[in-house]
Amino acid sequence: MVGAGGLRRGLAVRAVFAVKRGWYRLRYPRLTLGRGVEIRGRIRLRRGVRVSIGDRTRLNKLVRFAGPGEVTVGADCLLNATWIGTWTSVTIGDRCLLSDCELLDNDFHNLPPERRHDPPVPATRAPITIEDNVWIGAHALVMKGVRIGRDSVVGAATVVRTDVPPRVVVAGNPQQTVKKFHD
């Protein structure tokens, strides 16, 4: 049973989150926040990115979004010091945990030496899809065009360059499947 003091504290905390949601909605017109989003740290949007964050998602520390693309984050997620760079789209499913990692749907530059200083061509980018209930560990890097299957885990400091099947753990550089969750 919650006492009167606990109830007041709970109402005060919810009020603080409501004020922060309102402030970020005013600051970033291209940001859409669902019901009950908890911004426990800060959010930064750059270069025209459009961001939609689902209900009850929590954002800790500094969560950064950049690029001219679109980011969709599902409900009940946790983004902790995450950086997302997008020229196309990054889609994150429901109940995902992203810890101090980077998701980049583009290379930011052309690979051929004679074209490196030219504006990036379409071949330098491809959407990223993170399915439901995925956990991405600290300092992991998810590259363009990758799909991570539901219920999978990306280990700390892993570089994900190819699709990850559902219900596995990947680790390393290059990524390797180190565990399969059996039904």
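**Entry 1: helix α1**

I began with helix α1, where Phe17, Arg21 and Tyr24 are buried. The model is predicted, so I read every position here as a computed one. I next asked what these buried residues pack against. They contact β1 (31–33), β2 (38–39) and β3.

I noted the spacing too. Residues three or four places apart in an α-helix point the same way, because a turn takes 3.6 residues.

Then I checked the length of α1. The helix covers residues 4–27, which is 24 residues. At 1.5 Å a residue, α1 should span 34 Å. I found its end C-alpha atoms 35 Å apart, which agrees.

**Entry 2: aromatic rings**

I searched the whole structure for aromatic pairs and got 3. One of them is Trp23 with Tyr24. Their centres lie 4.9 Å apart and the planes meet at 85 degrees, an edge-to-face pair.

Is Trp23 buried or exposed? Trp23 is partly exposed, with a relative accessible area of 46%. Tyr24 has 6% relative accessibility, so I logged Tyr24 as buried, the cut-off being under 20%.

I moved on to Tyr24 and Tyr28. Their ring centres are 6.3 Å apart and their planes are at 10 degrees. I call this pair stacked because its angle is under 30 degrees. Tyr28 is buried, as is Tyr24. Trp23, Tyr24 and Tyr28 make up one aromatic cluster.

**Entry 3: strand β4 and its partners**

I looked at the two faces of strand β4, residues 50–53. Val51 and Ile53 are on the covered face. Arg50 and Ser52 are on the uncovered one.

Which strands pair with β4? I found β1 joined to β4 in the parallel sense over 3 bridges. Within that pairing, Leu31 stands opposite Val51. I also found β4 joined to strand β7 (residues 70–73) by 4 bridges, again in parallel. There Arg50 stands opposite Glu70. I noted that Val51, the partner of Leu31, belongs to the covered face. Arg50, opposite Glu70, belongs to the uncovered one.

**Entry 4: the six-stranded sheet**

I traced an open sheet of 6 strands. Its order is β3-β6-β9-β12-β15-β18, and the pairing is parallel. Which strands lie at the edges? They are β3 (42–46) and β18 (159–160), each pairing on one side only. I had already met β3, as β3 is among the elements against which the buried residues of α1 pack.

I then took a pair from this sheet. Strand β9 (residues 83–85) and strand β12 (residues 102–104) run parallel and share 3 bridges. I looked up the bridge partner of Gly85 in β12 and found Leu104.

**Entry 5: β17, β19 and β20**

I finished with strand β19, residues 168–171. Strand β17 (residues 153–154) runs parallel to β19, with 2 bridges between them. In β19, Val170 is the residue opposite Val154.

How does β19 pair with strand β20, parallel or antiparallel? The pairing is antiparallel over 4 bridges, and β20 covers residues 176–180. Val170 has Thr177 as its bridge partner in β20. I therefore logged Val170 twice, with Val154 and with Thr177.

β19 and β20 form a hairpin, with 4 residues between the strands. I checked the turn as well. Gly172 has a positive phi there, of about 100 degrees.

Notes:
Residues are numbered from 1 along each chain as its sequence is written. This is a predicted model: local features need pLDDT of at least 70, side-chain atom pairs count only at pLDDT 80 or more; totals for chains, interfaces and linings use all residues. Side-chain values use heavy atoms; hydrogens and water are left out. Two strands pair if DSSP finds at least two bridges between them. The expected span of a helix is 1.5 Å times one less than its number of residues. Buried means under 20% relative accessible area, exposed over 50%, partly exposed in between (1.4 Å probe, protein chains only). Contact means heavy atoms within 4.5 Å. Rings of Phe, Tyr and Trp (its six-membered ring) pair if their centres lie within 6.5 Å; planes under 30 degrees apart count as stacked, over 60 as edge-to-face and the rest as tilted.
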